[in-house]
Amino acid sequence: MRPPRLRPRRRTTGPGAVPDRPAAAEDLRISLGGKEILRGVDLDVNAGEVLSLIGPNGAGKSTLLAALSGDLAPASGRALLWDRPTGEWSPLDTARRRAVLPQAHRVSFPFTVREVVEMGRAPWAGTDRADHDDARVAEALDRTETAPFAQRPFTSLSGGEQARVMLARVLAQDAGLVLLDEPTAALDLRHQELVGRRCRELAAEGRAVVIVLHDLDLAAAYADRTALLSEGRVAACGKPADVYTADRLGEVYRQPVTVDRDPDTGAPRVTPVRGIC
């Protein structure tokens with residue numbers, strides 16, 4: 001059974017305070033290579049929740065995540081971080097507010113696993129929060145089940161092990177907004193579920209989590225809200241049970257599906273209708 005939804009414990013004061021809406025897109029438009037990728041996206045990201053982004057390849061999910069992180073500048077409209085346009089924050093202030101796990105992760109030098117995770121603490125160097133570096137790194141290693149190979153070179157790990165180490169780096173950063181781009185793509189079944197549980201834990205701590213997923217069942221099981229993207233627009237946004245209809249998913253993905261409910265949790269489950277071209 002999935003873990004129960006926990007009441008968020010949002011930090012409201014101090015350097016780690018998270019506002020009610022740590023990120024948002026307002027009529028956001030982004031063009032890349034002369035092509036408009038996002039076409040007027042409006043989306044709120046709320047503290048204490050997991051928001052999943054789903055949609056077919058090329059729908060704009062990763063582009064939206066990059067805009068919310070401040071890594072892509074809007075052509076028009078606004079991407080907000082802590083209620084200010086992302087471009088108004090310095091790189092350091094941005095890093096203290098949001099942590100990002102991109103699809104691709106490369107480490108060119110033979111750093112150990114622990115050293116890679118410690119990189120997540122860099123934004124807090126010279127602050128009082130640096131006193132917690134060792135504890136945050138140890139906790140992140142434990143939560144991703146990477147502690148047993150903490151002293152191994154990162155480059156010696158399998159793809160799935162590397163993905164978990166990079167997730168540990170994000171967790172160690174201890175940011176109020178966590179942005180994850182397909183974090184389960186290289187993971188086995190056990191560790192896909194582990195990622196879902198960790199996202200729920202982060203939300204219960206009062207953080208905001210945005211996660212791009214292609215596994216529709218995983219997204220439905222662990223997200224509070226789901227945004228379905230199609231051709232650069234938000235086709236639907238709300239509770240997974242409201243967003244996941246057979247007609248809507250079939251139209252957006254151009255693949256007939258059936259939608260039923262998990263007998264234990266009630267979360268939507270999607271099954272492709274096979275044998276239809």
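**Exercise 1. Overall form**

Task: Decide which radius of gyration a compact globule of 277 residues would have, and what the protein chain has.

Solution: Start with the expectation. For 277 residues, a compact globule would have a radius of gyration near 19 Å. Next, take the value for the protein chain: 19 Å, which agrees. The model is a predicted one. Then look at the box. Along the principal axes, the C-alpha atoms fill roughly 55 × 40 × 40 Å. Finally, add the secondary structure: nine helices and 12 strands.

**Exercise 2. Burial, surface and charge**

Task: State what share of the residues counts as buried, what the protein chain exposes, and how far apart the centres of the positive and negative side chains lie.

Solution: Begin inside. Of the 277 residues, 50% count as buried. Move to the surface. About 13,000 Å² is exposed, and carbon and sulfur atoms supply 49% of it. Now count charges. There are 38 positive and 38 negative side chains. The centres of these two sets lie 1 Å apart. Close with the contacts. Take those between residues at least 6 apart in sequence; 66% of them join residues at least 24 apart.

**Exercise 3. Q173**

Task: Place Q173 in its element, decide whether Q173 is buried or exposed, and list what Q173 is in contact with beyond its sequence neighbours.

Solution: First, the element. Q173 belongs to helix 5, residues 159-173. Second, accessibility. The cut-off for buried is under 20%. Q173 has 5% relative accessibility, so Q173 counts as buried. Third, the surroundings. Set aside neighbours within four places in sequence. Q173 is then in contact with A95, R98, A99, G120, R121, P123 and W124. For R98 there is a polar detail: its backbone oxygen lies 2.9 Å from a polar atom of the Q173 side chain.

**Exercise 4. Two loop residues**

Task: For D215 and E88, find the loop that holds each and the accessibility class of each.

Solution: Take D215. The loop runs between strand 8 (208-212) and helix 7 (216-222). At 31% relative accessibility, D215 counts as partly exposed. A polar atom of the D215 side chain lies 2.9 Å from the backbone nitrogen of L218. Across the chain, D215 and G55 are 160 residues apart in sequence, yet 10.0 Å apart in space, C-alpha to C-alpha.

Now take E88. Its loop lies between strand 5 (84-85) and helix 2 (91-97). Relative accessibility is 48%, so E88 counts as partly exposed. E88 and G70 are 18 residues apart along the chain, and their C-alpha atoms are separated by 9.6 Å.

Definitions and conventions. Residues are numbered from 1 along each chain as its sequence is written. This is a predicted model: local features need pLDDT of at least 70, side-chain atom pairs count only at pLDDT 80 or more; totals for chains, interfaces and linings use all residues. Side-chain values use heavy atoms; hydrogens and water are left out. Helices (H or I, at least four residues) and strands (E, at least two) are DSSP runs, numbered from the N terminus. The radius of gyration is taken over C-alpha atoms; the globule rule is 2.2 Å times the number of residues to the power 0.38. Buried means under 20% relative accessible area, exposed over 50%, partly exposed in between (1.4 Å probe, protein chains only). Contact means heavy atoms within 4.5 Å. Accessible areas come from the Shrake-Rupley method with a 1.4 Å probe; for residues, only the protein chains shown count as cover. Lys and Arg count as positive and Asp and Glu as negative; His and the chain ends are not counted. The place of a charge is taken as NZ of Lys, CZ of Arg, CG of Asp or CD of Glu. A polar contact is a pair of N or O atoms within 3.5 Å; within protein, one must be able to donate a hydrogen and the other to accept it, and residues adjacent in sequence count only if both atoms are side-chain atoms.
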